[in-house]
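Visitor: Got a minute to walk me through this one? I'd like to hear about the empty spaces, the helix packing and any odd backbone spots.

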Amino acid sequence: MSPVFPMLTVLSMFYYMCLRRRARTATRGEMNSRRAVESNTRALPINVEIVQYAKEVLDFSSHYGSENSMSYTMWNLAGIPNVYPSSGDFTQTAVFRTYGTWWDHCPSARLPFKRTPPTFCSQDYVELAFEEPVYPTAVHILETYHPGAVVRILACSANPYSQNPPAEVRWEILWSEAPAKVNGPQARQFTPCIKQINFPTNLIRLEVNSSLLDYYTELDAVVLHGVKERPVLSLKTSMIDMNDIDEDEDEEKYGCGMDNLNKQLSIVTLREWPTNGYFDKLPYELIQLILSHLTVPDLCRLAQTCKLLYQHCCDPLQYIHLSLQPYWARINDTSLEYLQSRCTLVQWLNLSWTGNRGAISVSGFSRFLKVCGSELVRLELSCGHFLNETCLEVITEMCPNLQELNLSSCDKIPPQAFNHIAKVGSLKRLILYRTKVEQTALLSILNFCSELQHLSLGSCVMIEDYDLIASMMGAKCKKLRSLDLWRCKNITESGIAELASGCQLLEELDLGWCPTLQSSTGCFANLARKLPNLQKLFLTANRSVCDTDIEELAANCTHLRQLDILGTRMVSPASLRKLLESCKDLSLLDVSFCSQIDNRVVLELNANFPNVFIKKSFTQ
């Protein structure tokens, strides 16, 4: 037989596997749900079911509320319901920071990573601890406003209250589905059919995607049902439906993590054919292009087929842009060690959500960056709780070309560690949302990183004088295009004046929940006159915003696309009409809780300006 045929057979089989997996993706949640229902019906009644609410919120990626308050924070998910079964916008619920696709259409939006598997669509998460470890039989999520954001529920084998850390931490998906549009914002109890797992758990993780929602989703409580002893299945389970053998079984076969793939590669014998058949006639670049459509796990599996494809799958050019966030539960030190030789040319690296609970050590992260950091331009480390001062020092030393650094919700990094960031003078984007950065370190960063174009300081509560920070921005950061000062507690009209005078290229400014700004000082009107390029302006919950401010925006900021004036009492329908007539590109206008803007006015504006999403929230 010609050697052409074995090579074609290998590629054909792999191609068939990919098509088969993709064809099942749309119904995978349905299949898991069906299997879970069957498992629940087969379980023998040997245990009494335990029902418990979350005892504690352990971790989360973002929330709408303040770090020093309970309103709209994830901490509201602990304990019994506060609101349910009522519907509406209530401060006693848990609310994530974003919703819809508005954040993808503003100047600060980041380009997505290639090779993200279509089954991974999570944008935010929250982890909840319960008192008793149980084998889950049901999970109830009480949603009180704009439900439908939850896309994945996971269980962890680690007991957060155990004194002895486990040798291995396993995560199992109980339920998963693609985002779906839910009709209406009314409250509901969401109880998806979950699959049975083989270990007890008291740590549940919810992952959400709010892109299809018309407003912020609000969660009130989570209820875990389970039994103390593992349910015994009836003898009828001996018959296995072959259609049930899907990716879950594939994952068991290949192991739970990339480190298992590494072990397989170390023992596999790759056959080398005398010729490579038609592959010898294909340009190297064309084969590389074909393989660039595979996910990282698929590349690892394909590399085990033969030496030719191993060479292609291990080519560093396949890993220029690498996102490991979709595989956060699998990534550990061994995974990074295994990927080192392939990532010597990596430019974009996403390690967000990875490494927690000891999966990645400081030494493992440092070793990886020392080999793979020289070409890095973009580094995403959101919610990386393994990070410490040593890690930031290694980043600044090993990544001389770094332009984008995301440390969002890395709340375990000590304040003094942020001083190291000032050494990276090439930075153009820096995200410090919900970190412990202090004023001295931030002033140093602003002084030495004059190329900054995008800066997020939302919910940074340890900064004492935001006026001083704003003054430094105005003096040093002339290229700034987007600035997030969400829930900044002490900036005044003085700081805003310095900022507007020095950063006139600003296209996006978030001053939501900044209570010390008052329209009577002329600060908002001054912003409108000084920043004609504004496309997004959030003045959320500032009750002093008035008609004069809206009219100044209409006259000077004609490129405005998104405006949030939630909570103001001083804006009339007449000024909003002027704004809508002047700003032809406006797509989002949030007038929730604006006392002069009732539902009748919203209906009239929607009829006259159908291209604008005008949001009016309510409370029942």
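Guide: Sure, here is a chat through pockets, helix pairs and a few single residues.

Guide: Before we start, keep in mind that this is a predicted model.

Visitor: Okay, pockets to begin with. How much space lies in the second largest pocket?

Guide: The second largest pocket holds about 1400 Å³ of space. It has 44 lining residues, and those closest to its centre are Trp103, Asp104, Arg110, Gln123 and Asn406.

Visitor: Which strands each supply at least two residues of that lining?

Guide: Strand S12 (378–380), strand S14 (429–431), strand S15 (454–456), strand S16 (482–484) and strand S17 (508–510) each give at least two residues to the lining of the second largest pocket.

Visitor: And how do the residues of that lining divide into nonpolar, polar and charged?

Guide: For the second largest pocket, 14 lining residues are nonpolar, 19 are polar and eleven are charged.

Visitor: What about closed spaces, how many cavities of 30 Å³ or more are there?

Guide: The count is four cavities of 30 Å³ or more. The second largest cavity has about 40 Å³ of space.

Visitor: Which residues line the second largest cavity?

Guide: Its lining is made up of Thr119, Phe120, Cys121, Ser122, Val151, Arg152, Ser176 and Glu177. By class, the lining of the second largest cavity has three nonpolar, three polar and two charged residues.

Visitor: Switching to helices. At what angle do the axes of H9 and H10 cross?

Guide: Helix H9 (residues 362–372) and helix H10 (residues 389–398) have axes that cross at roughly 5 degrees and come within 10 Å. With that angle, H9 counts as roughly parallel to H10.

Visitor: Which residues make the contact?

Guide: From H9 you have Val362, Phe365, Ser366, Leu369 and Lys370, and from H10 there are Thr390, Cys391, Val394, Ile395 and Met398. The contact of H9 with H10 includes seven nonpolar, two polar and one charged residues.

Visitor: And H13 with H14, at what angle do they pack?

Guide: Helix H13 (residues 493–502) and helix H14 (residues 523–530) pack at about 0 degrees, with axes 10 Å apart. So H13 is roughly parallel to H14. On the H13 side the contact uses Glu493, Ile496, Ala497, Ala500 and Ser501, which meet Cys523, Asn526, Leu527 and Lys530 in H14. That contact of H13 with H14 divides into five nonpolar, two polar and two charged residues.

Visitor: Now the loops. Where is proline 515?

Guide: Proline 515 is in the loop between S17 and H14. Not counting residues up to four places away in sequence, proline 515 touches Cys488 and Lys489. The C-alpha atoms of proline 515 and isoleucine 491 are 8.5 Å apart, and these two residues are 24 residues apart along the chain.

Visitor: What is aspartate 411 in contact with, leaving aside its neighbours within four places in sequence?

Guide: Aspartate 411 is in contact with His385, Arg434 and Lys436. It is found in the loop between strand S13 (404–406) and S14. There is also a polar contact of 3.4 Å between the side chains of aspartate 411 and lysine 412.

Visitor: Last topic, backbone oddities. Which peptide bond is cis?

Guide: The bond from tyrosine 84 to proline 85 is cis, with omega near 15 degrees. Proline 85 lies in the loop between strand S2 (56–60) and strand S3 (94–95).

Visitor: What is phi of arginine 357 near?

Guide: Arginine 357 has phi near 60 degrees, a positive value in a residue other than glycine. In general, most residues other than glycine have a negative phi, and most peptide bonds are trans. You'll find arginine 357 in the loop between strand S11 (348–350) and H9.

How values were computed
Residues are numbered from 1 along each chain as its sequence is written. This is a predicted model: local features need pLDDT of at least 70, side-chain atom pairs count only at pLDDT 80 or more; totals for chains, interfaces and linings use all residues. Side-chain values use heavy atoms; hydrogens and water are left out. On a 1 Å grid over the protein atoms alone, a cavity is a set of points where a 1.4 Å probe fits but cannot get out, and a pocket is an open set with protein on both sides within 12 Å along at least five of seven lines; lining residues have an atom within 4 Å of a point. Grid points are joined across faces, edges and corners, and a volume is the space filled by probe spheres set on the points. Helices (H or I, at least four residues) and strands (E, at least two) are DSSP runs, numbered from the N terminus. Ala, Val, Leu, Ile, Met, Phe, Trp, Tyr, Cys and Pro count as nonpolar, Asp, Glu, Lys and Arg as charged, and the others, Gly among them, as polar. Axes are lines fitted to C-alpha atoms, for helices over the stretch in contact, and angles run from 0 to 180 degrees between N-to-C directions. Angles under 35 degrees count as roughly parallel, over 145 as roughly antiparallel, 65 to 115 as roughly perpendicular and the rest as oblique. Contact means heavy atoms within 4.5 Å. A polar contact is a pair of N or O atoms within 3.5 Å; within protein, one must be able to donate a hydrogen and the other to accept it, and residues adjacent in sequence count only if both atoms are side-chain atoms.
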